[in-house]
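Please describe how the two chains in this structure meet, and then say what can be found about the enclosed spaces within the protein.

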Amino acid sequence: MNYHRSQKKLFVNGIKNMNDKDHILNSIIDALKRKDKHQASDSALLKPIDQVLPSVPSEPEALIEMFRKNSDSLKAEFYIAKSKADAKDYLIHLKNQESWKKIASHKGSIVRQIIEPPDLPLYWTDDGYDVHELAKCDAGITECDALVAQTGSIMLTSRTAGGRALSVLPPHHIVIATRSQLVPDLPTALQIVRQRFSNNYPSMISFITGPSRTGDIERILVYGAHGPVKLTIIMIWNDQG
Amino acid sequence: MKSNVKNFKAAALKSSSDLTRRRLILNALRNFEVTRNQKQALFQDWGAARELAAAKKWDAILNLDKNIELFTKKLESNGAKVHWAKDAESARSIILQIIQEKKAKLIVKSKSMTSEEIHLNDTLTRAGFDTLETDLGEFIVQLRGEGPFHIVFPAMHLTRGEIRELFQSKLGDAPSDDPEALTMVARRFLREKYIKADIGITGANFAVAETGMISITENEGNARLVSALPRTMITLVGIEKIIPRLDDLALFLPMLATAGAGQLISCYNTLYSGPRRPDEPDGPSEHHVILLDNGRTKVLADPVACDLLRCIRCGNCLNVCPVFRNIGGHSYGAAYCGPIGSVLMPIIAGIEQWYHLSYASSLCGACTEACPVKIDLHHHLLKNRRTAAKTIPVWWQKLAFKIFNLFACSPVLWRLMSKSGWFLQFFYVWSVKGTCLDPAYPWTKTRELPPIAKETFREWYKKHE
């Protein structure tokens with residue numbers, strides 16, 4: 001009896017959902033039929049996107065300067081490391097400064113060269129992890145897919161940066177980037193997403209701009225709302241060395 | 001219908017007489033305006049950016065049939081389950097069913113105005129599920145048992161002292177009334193909840209058709225956590241959020257942040273598409289996306305109102321609205337407040353219940369100026385007034401205009417009227433002014449009526465010709 005009832009309920013729900021789908025699609029088609037007189041706006045009169053967004057310089061040095069300026073105003077730390085060895089030294093400096101007990105990372109090729117062999121407990125997220133353990137880590141170290149000079153953003157994905165939580169759960173997020181990853185603007189960054197993943201997108205792509213923040217109490221800016229309190233970007237100048 | 005109007009008037013009167021709160025709101029919004037203008041100035045051409053955004057969103061709406069088909073196809077191929085909900089009731093029952101199937105106990109939610117629109121929290125709480133808002137502002141107003149005060153700044157009407165008291169009584173943890181300390185209280189409290197939660201519910205700012213992705217904009221990182229840790233992710237999307245191309249986000253994301261929060265770009269702009277992939281270490285194992293109509297196709301069918309679907313819910317029209325600034329968001333009594341709410345509510349929720357909001361505007365046009373997708377908001381308000389006058393005629397207004405019509409059409413009567421105005425004003429002042437019989441009482445109870453001049457304009461003109 002119960003079995004029959006649940007079957008019936010499922011059936012009714014199935015029909016109902018189908019009706020909802022048809023109902024919505026038909027309503028859209030009906031509504032759009034009457035829209036013939038409404039023409040799409042004349043695109044010839046519109047300025048293209050790169051002429052309306054904040055302008056970006058063309059020289060590489062100026063782009064780096066722009067990224068640095070944006071990072072500063074976002075209270076993100078931007079460090080240019082001469083080499084991988086320098087990046088490693090800087091990580092050790094951060095470790096001592098903040099007396100990290102445990103850090104988390106993923107097995108990206110650049111990250112691996114910098115933090116191995118680890119001289120402090122290292123938690124890898126690649127093959128699944130315990131979320132309580134990850135929450136206890138003092139820092140999350142990830143790679144990224146691009147840095148955007150225009151906005152000071154970092155672009156990373158769930159596939160290339162150790163999953164969805166690594167870049168947002170630990171209180172300090174450290175991004176290891178290379179100089180070649182810096183792109184001028186948002187349209188270029190989105191092009192990179194397209195080219196890199198075209199038909200096999202990761203389940204999450206995130207543009208991170210500064211440490212987590214909120215202004216929900218009297219509109220006063222506070223850092224570290226739910227995500228990282230601190231964001232450090234280490235850009236390796238010479239990724240061969 | 002009458003009670004809605006009455007409630008609105010009473011709430012508006014109460015809020016506009018609360019001077020301390022008005023000052024708090026005005027201060028916040030003035031500061032916002034300064035930062036927003038600075039960010040707008042970074043654009044090479046903000047005006048052209050608005051044109052472009054309006055055109056792109058309009059183009060998306062005109063091709064909604066193709067876009068929605070492509071969007072669902074791509075989303076499904078990414079492994080998400082797509083549901084269709086023609087109204088709020090249907091959306092609520094779909095979400096409830098998913099949650100019941102998962103035998104969930106704790107649900108975490110990131111900010112979503114669409115979920116406010118369908119009153120999701122009420123439904124989930126009544127069904128016995130522990131549902132927690134995670135956006136700090138939403139979390140605060142949820143603890144207070146109210147709705148959001150503003151589309152983007154839900155708790156902007158509260159002082160830090162009030163929030164401290166609230167945290168003290170509800171969470172038993174409020175070391176000081178320093179905003180940073182209070183934020184940390186919420187951070188600590190919610191951290192465990194993300195980890196424990198079985199289900200994460202999010203809204204959507206944009207939905208990209210060509211790649212089947214949901215774009216969520218936030219500053220706090222709560223939506224990132226809501227969509228990373230729970231095993232099931234539910235996303236509620238209004239069908240007007242669908243845009244055709246990924247590249248369009250390069251324009252929409254900075255514009256949304258600039259107009260909505262006075263930032264060049266928000267802290268986290270994240271694209272989600274389906275559950276975790278086999279090569280990814282975390283993320284939900286199921287992603288349900290609910291496409292909600294709830295009056296949107298009705299708006300689409302309307303030859304004039306359809307451009308309201310361009311709205312990206314940045315809340316900038318609220319920030320600049322002199323009415324909103326004085327009566328606040330709660331007075332509207334609706335899911336969407338401010339100019340956009342005043343325009344939308346009569347159309348999606350019924351002109352009979354909500355026509356009065358069309359009058360909650362001075363028609364100054366500040367909202368239209370502020371709108372990043374160039375919705376002509378104040379003309380929509382005017383149009384709603386016309387519809388209201390047609391559907392809910394008021395006999396004495398009709399009579400008054402008939403009489404005015406009579407006088408205005410006859411030069412003799414008009415001259416007589418303008419001449420006698422000077423005499424009549426003495427009779428008016430002597431007899432009914434300021435009493436309940438006064439037809440202009442709502443005006444005269446707080447203001448003076450300017451005196452009518454003895455000399456009419458025609459007489460003056462003749463003399464100075």
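In this predicted model, 40 residue pairs are in polar contact between chain B and chain A, counting pairs in which both residues have a pLDDT of 80 or more. On the side of chain B that touches chain A, the largest share comes from helix 10 of chain B (residues 179-196), which supplies 11 residues. That side of chain B is made up of 56 nonpolar, 21 polar and 20 charged residues.

The contact as a whole draws 97 residues from chain B and 83 residues from chain A. Between them, chain B and chain A bury about 7500 Å², and 61% of this area lies on carbon and sulfur atoms. Charged side chains also pair across the interface of chain B and chain A, where 6 salt bridges are found; one of these joins D247(B) to R194(A), with a distance of 3.0 Å from N to O.

Turning to the enclosed spaces, the structure holds 3 cavities of 30 Å³ or more, and the largest cavity has a volume of about 90 Å³. Its lining consists of 14 residues, and those nearest the centre of the largest cavity are C311(B), C314(B), G315(B), C317(B) and C371(B).

The table sets the make-up of this lining beside that of the chain B side of the contact.

| Set of residues | Nonpolar | Polar | Charged |
|---|---|---|---|
| Side of chain B that touches chain A | 56 residues | 21 residues | 20 residues |
| Lining of the largest cavity | 11 residues | 2 residues | 1 residue |

Note on methods: Residues are numbered from 1 along each chain as its sequence is written. Chains are lettered from A and ligands numbered from 1 in the order in which they are written. This is a predicted model: local features need pLDDT of at least 70, side-chain atom pairs count only at pLDDT 80 or more; totals for chains, interfaces and linings use all residues. Side-chain values use heavy atoms; hydrogens and water are left out. On a 1 Å grid over the protein atoms alone, a cavity is a set of points where a 1.4 Å probe fits but cannot get out, and a pocket is an open set with protein on both sides within 12 Å along at least five of seven lines; lining residues have an atom within 4 Å of a point. Grid points are joined across faces, edges and corners, and a volume is the space filled by probe spheres set on the points. Ala, Val, Leu, Ile, Met, Phe, Trp, Tyr, Cys and Pro count as nonpolar, Asp, Glu, Lys and Arg as charged, and the others, Gly among them, as polar. Contact means heavy atoms within 4.5 Å. Buried area is the accessible area (1.4 Å probe) that two parts lose on being put together, summed over both. A salt bridge is a side-chain nitrogen of Lys or Arg within 4 Å of a carboxyl oxygen of Asp or Glu. A polar contact is a pair of N or O atoms within 3.5 Å; within protein, one must be able to donate a hydrogen and the other to accept it, and residues adjacent in sequence count only if both atoms are side-chain atoms. Helices (H or I, at least four residues) and strands (E, at least two) are DSSP runs, numbered from the N terminus.
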